[in-house]
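Reader: I have just opened my first protein model, and I would like to learn how to read it feature by feature. Could you take me through it slowly?

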Amino acid sequence: MKTSPLSSLGFWLTLALTSVLLAFAGPPRRPTLFLIGDSTVRNANAPQMGWGTQLPAFFDSTKIRIDNRAMAGRSTRTFVAEKRWRVVDSLLRPGDFLLLQFGHNEGSPPDTTKAGRRGVLRGTGEETKELTWPDGRRETVHTYGWYLRQFIRQAKAKGATPIVASMIPRNQWQDGRVKRASSDFGGWAREVARQENVAFIDLNELTAAKYDQLGPEAVAKLFAGDHTHTNEAGALLNATSVVEGIRMNKKIALNKYLTKGK
């Protein structure tokens, strides 16, 4: 059976149009790994450095982007109140990842003073506290777990994959071991991750175990100026712990973007 000239012409026009569209489409979009947290994740106060600055070295940058949106001095509460989370949420796309680590700035009782403006209610429940700022603005303060759940659920709604990490340990020792956060913020982070069925990286324990092996004298050399903020070497150690936590859980899709051998 002969093919009509019109049918043949239609075929070649369709092929040409498809080729043009593919040419303009360019390469597939790389997913982005967004990091949110405090100064232990991103710190511009050299020689202090957060682990998020070291993390890109462990990933194949041709396959994934890393966008570190953590900010020094922020808690879960202020990350939301200052609309930093709103910005990150607006950038999330299907296939992206969100790695969050908070806990260092949440400890003060929540109020409107300088000391309490970052504080949250302890735990993971639905309790709230109503505050009125001097300018008349009202604020409802929630628990640490409540804020984590908002990050997780809103990231999921955008088609992104949230991953929760417990806070890195401070250079504080008791009975020959680094103090853990498993009974408060670290434990609450684990609890929320389990409740929301998302991956959890026990960064607190992974790094604390390394510190225990190194000993107080060697660990002191990983910090800059205080017992909370690491220097470049300390940031690298913590980034290594993050990667170790990812590799321990083969269900975390970030595994396929890691650089082999690191």
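Author: We will go from the whole chain to one helix, then to a single residue, and finally to the pockets. Please keep in mind throughout that this is a predicted model.

Reader: How many helices and strands does the protein have?

Author: The secondary structure comes to 9 helices and 9 strands. Of the 262 residues of the protein, 48% count as buried, and the protein exposes about 13,700 Å², with carbon and sulfur atoms supplying 56% of that area.

Reader: Among contacts between residues at least 6 apart in sequence, what share joins residues at least 24 apart?

Author: For this protein the share is 69%.

Reader: How should I read a single helix, and which residues of helix 6 are buried?

Author: The general idea is that an α-helix has 3.6 residues a turn, so residues three or four places apart point the same way. Helix 6 covers residues 185-195, and its buried residues are F185, G186, G187, W188, A189, V192 and A193. The cover over these buried residues includes helix 5 (144-157), strand 6 (161-165) and strand 9 (199-201). Helix 6 is followed by N197, whose phi is positive, near 60 degrees.

Reader: Is R149 buried or exposed?

Author: R149, which lies in helix 5, counts as buried because its relative accessibility is 4%, and the cut-off for buried is under 20%.

Reader: Which residues is R149 in contact with, leaving aside its neighbours within four places in sequence?

Author: R149 is in contact with T124, G125, E126, V192, Q195 and E196. One of these, V192, has already appeared among the buried residues of helix 6.

Reader: How does one look for pockets, and how much space lies in the largest pocket?

Author: Rolling a probe the size of a water molecule over the atoms shows where empty space is left. Here about 210 Å³ of space lies in the largest pocket, which is lined by 15 residues, with M167, R170, Q172, D184 and F185 nearest its centre. By class, this lining has 5 nonpolar, 5 polar and 5 charged residues.

Reader: And what lines the second largest pocket?

Author: The second largest pocket holds about 150 Å³ of space, and its lining residues include K156, T161, P162, I163 and N197. Strand 6 gives the most to this lining, with 3 residues. By class, the lining of the second largest pocket has 6 nonpolar, 3 polar and 2 charged residues.

Methods. Residues numbered from 1 in each chain as written. Predicted model: local features only at pLDDT ≥ 70, side-chain atom pairs only at ≥ 80, totals over all residues. Heavy atoms only, no water. Helix = DSSP H or I, 4+ residues; strand = E, 2+ residues; numbered from the N terminus. Buried < 20%, exposed > 50% of the residue type's maximum accessible area, 1.4 Å probe, protein only. Contact = heavy atoms within 4.5 Å. Areas by Shrake-Rupley, 256 points an atom, 1.4 Å probe, with all protein chains shown as cover. 1 Å grid on protein atoms, 1.4 Å probe; cavity = no way out; pocket = protein on both sides within 12 Å on 5 of 7 lines; lining within 4 Å. Points joined across faces, edges and corners; volume = space filled by probe spheres on them. Nonpolar A, V, L, I, M, F, W, Y, C, P; charged D, E, K, R; others polar.
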